[in-house]
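Colleague: Please choose one part of this model and go through it closely. I would like to know what surrounds it.

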Amino acid sequence: MDSRPSVVEHELELRLVLSPERSVPVPARLSYGSHDPYAVHITFHLDTGTPVTWVFARELLVEGTFRPCGQGDVRIWPTRDGRRSVLCLALTSPGGDALLEAPLPVVAAWLERCHRLVPPGSELNVLDLDGSLAELLT
């Protein structure tokens, strides 16, 4: 029996950029599971009491730690804020736009844990395609 965890999560504080001079903290949780090996989930804990979750490709987040990537609803790029390395996440939805900054070393370390759970290129090996197909057909 495999004793490895099937989910890798990490709580962290992001910064919601309101202007070049002002940002506010946003508690968030990064989540990745072998049950959905191509996707990462970021849940934002807002003052509204209802968390907001965004789901997008793990590969997009990985690429964004090295260079600008994405288009449309999710764009990601690394940068520096003074002496800190940060990862910028620009999110667009019908409800509005948000620019968030995450500590790049924290996200990179979390992605490393995700890659240990499901190495890049092996995502199909952990999917139960036969079980999923059987469930759809019943």
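**A strand and its surroundings**

Modeller: Thr43 is found in strand β3, residues 39–44. Helices (H or I, at least four residues) and strands (E, at least two) are DSSP runs numbered from the N terminus. The model is predicted, so to speak of a local feature a pLDDT of at least 70 is needed and side-chain atom pairs count only at 80 or more, while totals for chains, interfaces and linings use all residues. Residues are numbered from 1 along each chain as its sequence is written, and side-chain values use heavy atoms, with hydrogens and water left out.

Thr43 counts as buried because its relative accessibility is 9%; buried means under 20%, exposed over 50% and partly exposed in between, with a 1.4 Å probe and protein chains only. Beyond four places in sequence, Thr43 touches Pro27, Ala28, Arg29, Pro51, Val52 and Thr53 (heavy atoms within 4.5 Å). With Thr53, the side chain of Thr43 also makes a side-chain polar contact of 2.9 Å. Such a contact is a pair of N or O atoms within 3.5 Å, one able to donate a hydrogen and the other to accept it; adjacent residues count only if both atoms are side-chain atoms.

Thr53 falls within β4 (52–57), one of the elements that give two or more residues to the lining of the largest pocket. Nearest the centre of that pocket are Phe44, Leu46, Trp54, Leu91 and Ala98, out of 13 lining residues. The volume of the pocket is about 230 Å³. The other elements with two or more lining residues are β7 (84–93) and β8 (96–103), and β8 gives the largest share, four residues. Nine lining residues are nonpolar, three polar and one charged.

Now the strands that meet at this pocket. β7 and β8 run antiparallel and are joined by eight bridges, with Ser93 opposite Gly96 in β8; strands pair if DSSP finds at least two bridges. A hairpin of two residues links β7 to β8. On the sequence side before β7, strand β6 (residues 74–81) also runs antiparallel to β7, again with eight bridges. Pro78 has Leu87 of β7 as its bridge partner. Two residues lie between β6 and β7 in their hairpin, where Gly82 has a positive phi of about 70°.

Leu87 also belongs to the lining of the largest cavity, together with Leu14, Leu30, Ile42, Leu61, Leu89, Ala102 and Val107. That lining has eight nonpolar residues, no polar and no charged. The cavity holds about 40 Å³ of space, and one cavity of 30 Å³ or more is found in the whole structure.

Back at β3, residues 39–44, another residue to follow is Arg58. Arg58 lies in helix α1, residues 58–64, and is buried at a relative accessible area of 4%. Its contacts beyond four places in sequence include Ala39 and Val40, as well as Tyr32, Pro37, Tyr38, Leu111 and Cys114. Pro37 is 21 residues away in sequence and 8.0 Å away in space, C-alpha to C-alpha. The side chain of Arg58 makes a polar contact of 2.7 Å with that of Glu123.

Terms used. On a 1 Å grid over the protein atoms alone, a cavity is a set of points where a 1.4 Å probe fits but cannot get out, and a pocket is an open set with protein on both sides within 12 Å along at least five of seven lines; lining residues have an atom within 4 Å of a point. Grid points are joined across faces, edges and corners, and a volume is the space filled by probe spheres set on the points. Ala, Val, Leu, Ile, Met, Phe, Trp, Tyr, Cys and Pro count as nonpolar, Asp, Glu, Lys and Arg as charged, and the others, Gly among them, as polar.
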